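Here are my comments on the model you sent, set out as numbered points. I have kept to what can be read from the coordinates.

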Protein chains: 2
Amino acid sequence: MMEFEQILRSRGYRLTNQRRVIVRELEGERHLSAEEIYERVKEEHPELGLSTVYRTLDLLHELGIVRKEDFGEGYSRYELATERMHHHARCRGCGKVIEFNEELMEYLTLQVERETGFVTDSYEITLHGLCRECAAAG
Amino acid sequence: MMEFEQILRSRGYRLTNQRRVIVRELEGERHLSAEEIYERVKEEHPELGLSTVYRTLDLLHELGIVRKEDFGEGYSRYELATERMHHHARCRGCGKVIEFNEELMEYLTLQVERETGFVTDSYEITLHGLCRECAAAG
DNA sequence: ATACATGCAAAATATTTGCAACGAA
DNA sequence: TTCGTTGCAAATATTTTGCATGTAT
């Protein structure tokens, strides 16, 4: 992805192979954890430490290239911020994560800004409950 | 709080002093972390281990008595689920957490259920951005 | 050549668990 | 008395950091 390389360069960061590899993984699959990225890549790129994965994700998050997500699993997941903003519903029964889009959210952030002055640049929603199947079973 | 004692009993759990103390702390202050509860209580109740705090919060969360929150700090915070459902906007500048209520959310969960069959029993929203002051300063 | 980046191992944090002792019912 | 609960310490798990080495610019 060109854009990501330009953002790095324009901020004075270097374009390393490790950074390229990590972004490539995120392009291939969404909602990856640091550990998962590390595992997926270690065979083809043994020259990549877990700490570099963390440092890179941190940087990419800081630059707004990557979104950091929390599904209450005890660790974070990441995905490219270029994906359309979306939200998650996590099933208490089977752990499945269902996604949904909701234009109302755009309105919500405007409303919040009007009321409190808070300027939103990203947001997360997580619904906790049961998916259709688990709700039927339970 | 009576209600909490009844829920415990009706499910066959025992009403211990530790559990009472932890709920009392949550009644006094919202958004507490496990560590904070432990610190607040250790003087008056040295007979209370951090692991019990975790175990108790887990149980109370399971029973729907307590809500588990994530502000991206690397650990969880907790509050009584009896508080009116609310949402958080966390300032990237100063870390301040601004709260807001939004009736639209009730509508949102209904909409999601209609579209995906997902039955929501609780939800969290976190907006990331800058509060009025930091937005003005930055 | 000069910083910025990296890998490794060790540290720091947060949370969980094993087990003997405790105590609510 | 019984079995759920607890404290303590040790184990896990996740993420961060120090430092010598590597490498993009």
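How do the residues of the surface near DNA strand D divide into nonpolar, polar and charged? I take this up in the second point, after a word on the kind of model this is.

1. Please bear in mind throughout that this is a predicted model, and that the distances and angles quoted below should be read as properties of that prediction.

2. The surface near DNA strand D is made up of six nonpolar, eight polar and seven charged residues. In total 21 residues surround the strand, and the closest are Tyr54(A), Tyr13(B), Glu47(B), Leu48(B) and Thr52(B). On the DNA side, 63% of the strand D atoms within 4 Å of the protein belong to sugar or phosphate, while the rest belong to bases.

3. Three individual approaches to DNA strand D deserve a look in the viewer. A polar side-chain atom of Arg14(A) lies 3.2 Å from a base nitrogen of the strand, whereas a polar side-chain atom of Gln18(B) lies 2.9 Å from a sugar or linking oxygen. For Glu47(B), a backbone N or O atom is placed 2.4 Å from a phosphate oxygen of DNA strand D. Two or more residues of the surface near this strand come from each of helix H4 (50-62) of chain A, H2 of chain B and helix H4 (50-62) of chain B, with H4(A) giving the most, at four residues.

4. The largest nonpolar core has 25 residues, of which Phe118(A), Ile125(A), Leu127(A), Phe118(B), Ile125(B) and Leu127(B) touch the most other members. In chain A, strand S5 (97-100), helix H5 (104-116) and strand S6 (119-130) each supply at least two residues of this core, and in chain B strand S5 (97-100), helix H5 (104-116) and strand S6 (119-130) do likewise. S6(B) gives the most to the core, with four residues. In soluble globular proteins, nonpolar side chains tend to be buried together.

5. Ile125(A) is worth following from that core. When its neighbours within four places in sequence are left aside, Ile125(A) is in contact with His87(A), His88(A) and Met105(A), and also with Met105(B), Leu108(B), Glu124(B) and Ile125(B).

6. Finally, I would draw attention to the backbone at His31(A), which has a positive phi of about 55° although it is not a glycine, and at His31(B), where the positive phi is about 60°. His31(A) sits in the loop between helix H2 (17-28) and strand S1 (32-33) of chain A, and His31(B) in the loop between helix H2 (17-28) and strand S1 (32-33) of chain B. His31(A) is buried, with a relative accessible area of 15%, and His31(B) is likewise buried, at 15%.

Note on methods
Residues are numbered from 1 along each chain as its sequence is written. Chains are lettered from A and ligands numbered from 1 in the order in which they are written. This is a predicted model: local features need pLDDT of at least 70, side-chain atom pairs count only at pLDDT 80 or more; totals for chains, interfaces and linings use all residues. Side-chain values use heavy atoms; hydrogens and water are left out. Buried means under 20% relative accessible area, exposed over 50%, partly exposed in between (1.4 Å probe, protein chains only). A residue is near a molecule or strand if one of its heavy atoms lies within 4 Å of it. A polar contact is a pair of N or O atoms within 3.5 Å; within protein, one must be able to donate a hydrogen and the other to accept it, and residues adjacent in sequence count only if both atoms are side-chain atoms. Ala, Val, Leu, Ile, Met, Phe, Trp, Tyr, Cys and Pro count as nonpolar, Asp, Glu, Lys and Arg as charged, and the others, Gly among them, as polar. A nonpolar core is a set of buried Ala, Val, Leu, Ile, Met, Phe, Trp, Tyr and Cys residues joined through side-chain atoms within 4.5 Å. Contact means heavy atoms within 4.5 Å.
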